[in-house]
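I opened this entry to look up one open space in the model and the helices around it. My notes follow in the order in which I checked things.

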Amino acid sequence: MRNEELMAKVVDSENVRRAYEQVKRNGGAAGVDGMSVEAYAAHAARHWAGIEAKLRDGHYQPGAVRAVSIPKAQGGERRLGIPNVQDRVIQQALLQVLGPILDAEFSPHSYGYRPGRSAHDAIRAARAYVEEGKTWVIDLDISAFFDEVNHDRLMARLGRTVRDPQGLRLIGA
């Protein structure tokens, strides 16, 4: 995706509207700024032009992330970072543009966190492999995987597809 194309698609008014609606459907707590999803609509109506300008020129800086701990089903706790609503809307707008492009590069045998794919789809695929005579199925769940991802390598890999410096800086931030 060429330089100007990514951010133009991300900040497209219809894309941002759909992103806000998705964030609203997801619900979720306020970030460190205390702003609710409902209150964000009025904030965006007043300030979106400035936010969009910063996104387009590469000067947007995401806000701080609120850290919370939630109990795990098997005991212990999982730490979560809760971005403010504005950053969640921008993340969703990026996802809506980049998701279909990047998803096409993933293995057809990958089911985790993929749109239109579920654990039930993975089970059906595993059954089909057994029926074909395969004797091995591997299920991987790497503990704290995202905490261990090398972000420099990830961003370099993403840069092969996304050639928009402002977009890459935003994703990195």
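Before listing any lining, I fixed the terms: a pocket is an open set of grid points with protein on both sides within 12 Å along at least five of seven lines, and a lining residue has an atom within 4 Å of a point. The model I am reading is predicted.

**Entry 1: overall layout.** I counted eight helices and two strands in the protein, and along the sequence I read the pattern α-α-α-β-β-α-α-α-α-α. For the extent I noted that the C-alpha trace spans about 60 × 40 × 30 Å along its principal axes.

**Entry 2: the second largest pocket.** I looked up its volume, which comes to about 220 Å³. Which residues line the second largest pocket? I found Val11, Ser13, Val16, Arg17, Tyr20, Tyr40, Ala41, Ala44, Ala45, Trp48, Glu52 and Val89. Two elements, helix 2 (13-26) and helix 3 (37-57), give two or more residues to this lining, and helix 3 supplies the largest share, six residues. Sorted by class, I have nine nonpolar residues in the lining, with one polar and two charged.

**Entry 3: helix 2 against helix 3.** I then turned to how these two helices pack, and noted an angle of about 160 degrees with the axes 10 Å apart. Angles over 145 degrees count as roughly antiparallel, and helix 2 and helix 3 are therefore roughly antiparallel to each other. The crossing in which helix 2 passes helix 3 is right-handed. On the helix 2 side I listed Val16, Tyr20, Val23 and Lys24 as making the contact, and on the helix 3 side Val37, Glu38, Tyr40, Ala41 and Trp48. The residues of this contact divide into seven nonpolar and two charged, with no polar ones. Going back to the pocket, I note that its lining includes Val16, Tyr20, Tyr40, Ala41 and Trp48.

**Entry 4: helix 2 against helix 4.** At what angle do the axes of helix 2 and helix 4 cross? I noted roughly 120 degrees, with the axes of helix 2 and helix 4 (residues 85-103) coming within 8 Å. That makes helix 2 oblique to helix 4, and helix 2 passes helix 4 in a right-handed crossing. Helix 2 makes the contact through Asn15, Val16, Arg18, Ala19, Tyr20, Gln22 and Val23, while helix 4 does so through Val85, Arg88, Val89, Gln92, Ala93, Gln96 and Val97. I sorted the residues of this contact into eight nonpolar, four polar and two charged. Val89 of helix 4, which is in this contact, is also one of the residues lining the second largest pocket.

Definitions and conventions:
Residues are numbered from 1 along each chain as its sequence is written. This is a predicted model: local features need pLDDT of at least 70, side-chain atom pairs count only at pLDDT 80 or more; totals for chains, interfaces and linings use all residues. Side-chain values use heavy atoms; hydrogens and water are left out. On a 1 Å grid over the protein atoms alone, a cavity is a set of points where a 1.4 Å probe fits but cannot get out, and a pocket is an open set with protein on both sides within 12 Å along at least five of seven lines; lining residues have an atom within 4 Å of a point. Grid points are joined across faces, edges and corners, and a volume is the space filled by probe spheres set on the points. Helices (H or I, at least four residues) and strands (E, at least two) are DSSP runs, numbered from the N terminus. Ala, Val, Leu, Ile, Met, Phe, Trp, Tyr, Cys and Pro count as nonpolar, Asp, Glu, Lys and Arg as charged, and the others, Gly among them, as polar. Axes are lines fitted to C-alpha atoms, for helices over the stretch in contact, and angles run from 0 to 180 degrees between N-to-C directions. Angles under 35 degrees count as roughly parallel, over 145 as roughly antiparallel, 65 to 115 as roughly perpendicular and the rest as oblique. A crossing is left-handed if the near helix is turned anticlockwise from the far one by less than a right angle, and right-handed if clockwise. Contact means heavy atoms within 4.5 Å.
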